[in-house]
Amino acid sequence: MAGVLVTRQFRPPTETVLASLAVAACYYAVGRLGLLGRLVVEGVVVTPIWPPTGVAVAALLLLGVRVWPGIALGCFLVIASLTTPGLTTVVTVVSNTAAPLCAFLLLRRVGFRLDMARLRDGLCLVFLGGFGAMLISSTAGVGLHVATGSLERSEFWPAWLAWWAGDTMGVLLVTPLLLAFAGAIGRFRTRRWSEAVCLGVAALVIVPSAVLSPMSLLFLVFPLLIWAALRFQLAGSVLCALFASVLTTFEATAGKGAFLHLSDVEIMVKLQAFNGSAALTALLLSSVITEQRATRRSVRRACEELAEVLEHLAAGEPSPGPPAADRTPGTSGDRVVSPGERRDP
């Protein structure tokens with residue numbers, strides 16, 4: 001019995017440590033991938049899409065606040081892979097950990113649902129988890145460069161905007177996709193896999209054509225996003241938006257296709273405008289459609305129940321009560337009789 005008690009006592013800390021290490025490994029892996037598409041804006045290395053912020057917010061939503069040490073460890077490992085850690089590393093790690101924590105607390109405060117079946121959930125993720133919380137990491141990160149003298153004050157806002165947009169895009173594109181893979185968001189129906197294949201083939205043809213063309217045909221991506229949102233809701237639309245944004249980011253860093261002959265600042269502005277528009281289209285449109293479908297199902301069920309009641313009333317039968325499992329003492333389905341009350345035979 002003592003052995004069982006000891007196992008139960010130490011099991012939660014062990015699970016927390018393992019979960020934190022898994023989050024740190026994922027954070028580091030996607031951080032290294034994100035650095036492949038980095039740009040230099042006003043002397044500061046930024047990434048148009050910083051996936052670790054999306055991983056961090058998703059990990060907190062799925063596993064809880066207990067895994068925050070894994071976020072800090074993953075951030076430290078990414079910085080250590082680029083440069084020798086110093087005193088400034090502490091500020092960067094703290095700010096990059098505080099931003100996802102702030103996003104998590106804000107989303108929990110407003111009752112955010114992991115299935116994102118309401119427009120409210122999509123708006124909260126955009127404005128609280130993305131636009132709002134990521135102000136912490138971008139302001140602290142760029143402010144640190146200004147304080148140390150590696151960045152001029154006049155260069156603060158361009159670098160800050162690029163940093164903030166990259167962190168925000170990580171939340172808007174990666175977090176919903178991870179929630180979908182974790183099963184929090186509804187999966188594809190079996191009968192729609194053929195249509196999903198058609199959508200995938202269309203994306204593989206249209207997105208590279210739009211991105212690689214020097215004629216700036218990026219607007220061709222949005223009909224695909226609308227198709228994905230209408231038919232496959234959040235999982236399909238976000239996956240399509242992420243594919244388009246990643247491919248566009250790599251072309252932008254190479255200065256090819258729609259980003260030919262543009263300066264670094266112009267490339268960043270054009271790229272982030274496209275990535276932001278794609279993410280907002282995927283998130284908000286799919287949330288609206290999911291909420292409308294849920295409302296339609298609720299109305300259909302209510303109509304079916306009402307039709308059943310009317311049929312019983314027309315036949316002169318008592319209307320069916322709630323199922324036995326749903327009856328609670330004190331309701332019309334199961335009335336409580338006091339000991340002194342007489343029962344009629």
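In this predicted model, A210 counts as buried because its relative accessibility is 0%, and the cut-off for that label is anything under 20%. A210 belongs to helix α8, which runs over residues 193-212. Setting aside residues up to four places away in sequence, A210 touches L217, L218, L220 and V221. With V221, which lies 11 residues further along the chain, the C-alpha separation is 7.2 Å. Just past the end of α8 comes S213, placed in the loop that links α8 to α9 (221-254). At 13% relative accessibility, S213 also falls under the 20% cut-off and therefore counts as buried. Its contacts, again leaving out residues up to four places away, are P208, G257 and A258.

Helix α9 itself holds a backbone oddity. Q233 sits in this helix, yet its phi is near 55°, a positive value in a residue that isn't glycine. Q233 is buried, because its relative accessible area is 17%. A second case turns up at M116, where phi is near 50°, positive again and again not in a glycine. M116 is found in the loop between α4 and α5, and since its relative accessibility is 1%, M116 counts as buried.

On the far side of that loop, so to speak, is α5. This helix covers residues 119-132 and isn't straight: there's a kink of about 25° centred on L125. L125 is also one of the buried residues of α5, a list that otherwise reads D121, G122, C124, V126, G129 and G130. What lies over them? The cover for the buried residues of α5 includes four other helices, namely α4 (87-109), α6 (134-148), α7 (156-181) and α10 (264-314).

Some of those helices come back in the walls of the largest pocket. Among the elements that each supply at least two residues of its lining are α4, α6 and α7, along with strand β2 (44-46) and helix α3 (68-82). The pocket holds about 700 Å³ of space. Its lining runs to 29 residues, and the ones nearest the centre are V45, L82, T92, H145 and W163. Sorted by class, the lining breaks down into 13 nonpolar residues, 14 polar and two charged.

Helix α3 also contains G70. This glycine counts as buried because its relative accessibility is just 1%. Beyond its neighbours within four places in sequence, G70 is in contact with S20, V23 and A24. A56, 14 residues away along the chain, has its C-alpha 8.8 Å from that of G70.

As for how far to trust all this, the chain averages a pLDDT of 83, and 84% of the residues score at least 70. Two weak stretches deserve a mention. Over residues 1-10 pLDDT stays under 50, and the model shows zero contacts for this stretch beyond four places in sequence. Over residues 324-345 the pLDDT is below 50 too, although here the model does have nine contacts beyond near neighbours in sequence.

Key: Residues are numbered from 1 along each chain as its sequence is written. This is a predicted model: local features need pLDDT of at least 70, side-chain atom pairs count only at pLDDT 80 or more; totals for chains, interfaces and linings use all residues. Side-chain values use heavy atoms; hydrogens and water are left out. The bend at a residue is the angle between axes fitted to the seven residues ending there and the seven starting there. Buried means under 20% relative accessible area, exposed over 50%, partly exposed in between (1.4 Å probe, protein chains only). Contact means heavy atoms within 4.5 Å. On a 1 Å grid over the protein atoms alone, a cavity is a set of points where a 1.4 Å probe fits but cannot get out, and a pocket is an open set with protein on both sides within 12 Å along at least five of seven lines; lining residues have an atom within 4 Å of a point. Grid points are joined across faces, edges and corners, and a volume is the space filled by probe spheres set on the points. Ala, Val, Leu, Ile, Met, Phe, Trp, Tyr, Cys and Pro count as nonpolar, Asp, Glu, Lys and Arg as charged, and the others, Gly among them, as polar. pLDDT is the predictor's confidence in each residue, from 0 to 100.
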